[in-house]
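Hi everyone, and thanks for coming. I'd like to walk you through one structure today, so please take a look at the screen.

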Amino acid sequence: VQLQAFGGGLVRPGGSLRLSCSASQNIDNINTMAWFRQAPGKQRELVAEERIGRRTIYADSIKGRFTISTDIAKNRVYLQMNSLKPEDTAVYYCNVFTLDGLGSTHDYWGEGTLVTVSS
């Protein structure tokens, strides 16, 4: 299974982008769907995570500006990013974590899509 993220690009401060991520085939036992990002010279960090059927968490730095949404049936996850700031510049990665009834887990990662916020 491969995840493909797209929707990144160059945007001015204050602008918006919507990232999308889809899987090459069906994924069973999805436990969480998430977006991470990695800025130049920094570690990868969690941006938003939807714990399916439970709750959604957001990094403090993007609360109120970004919204994660999912379509489990289509194995898709989205990230609506509003009021973008230069510090949001990073490569954004989608992630799907699965957990089956026997406790087996699997982490799927997309290749990343670059978001650049600059005037």
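**A hairpin and two arginines**

Let's start with a hairpin: strands β9 and β10 form it, with five residues between them. In that turn you'll find Gly103, which has a positive phi of about 90 degrees. Before I go on, please keep in mind that this is a predicted model.

So how do the two strands run? β9 covers residues 90–99 and β10 covers residues 105–109, and they pair in the antiparallel sense over five bridges. If you'd like a place to rest your eyes, find Asn95, which stands opposite Trp109 in β10.

Now, stay with Trp109 for a moment, and bring in our first arginine. Arg44 lies over the face of Trp109, at 4.8 Å from the ring centre. What else does Arg44 sit over? The charged end of Arg44 also sits over the ring of Tyr93, 3.8 Å from the centre of that ring. And while we're talking about rings, the structure holds one aromatic pair.

Next comes Arg65, in the loop between β6 (56–58) and β7 (66–71). Is Arg65 buried or exposed? Its relative accessibility is 10%, and because buried means under 20%, Arg65 counts as buried.

Who keeps Arg65 company? Setting aside neighbours within four places in sequence, Arg65 is in contact with Gln80, Met81, Asn82, Ser83, Leu84, Lys85 and Asp88. Asp88 deserves another look: its side chain and that of Arg65 are joined by a polar contact of 2.7 Å.

That's my tour, and I'm happy to go back to any part of it. Thank you!

How values were computed
Residues are numbered from 1 along each chain as its sequence is written. This is a predicted model: local features need pLDDT of at least 70, side-chain atom pairs count only at pLDDT 80 or more; totals for chains, interfaces and linings use all residues. Side-chain values use heavy atoms; hydrogens and water are left out. Two strands pair if DSSP finds at least two bridges between them. Helices (H or I, at least four residues) and strands (E, at least two) are DSSP runs, numbered from the N terminus. Rings of Phe, Tyr and Trp (its six-membered ring) pair if their centres lie within 6.5 Å; planes under 30 degrees apart count as stacked, over 60 as edge-to-face and the rest as tilted. A charge sits over a ring if NZ of Lys or CZ of Arg is within 6 Å of the ring centre and within 35 degrees of the ring normal. Buried means under 20% relative accessible area, exposed over 50%, partly exposed in between (1.4 Å probe, protein chains only). A polar contact is a pair of N or O atoms within 3.5 Å; within protein, one must be able to donate a hydrogen and the other to accept it, and residues adjacent in sequence count only if both atoms are side-chain atoms. Contact means heavy atoms within 4.5 Å.
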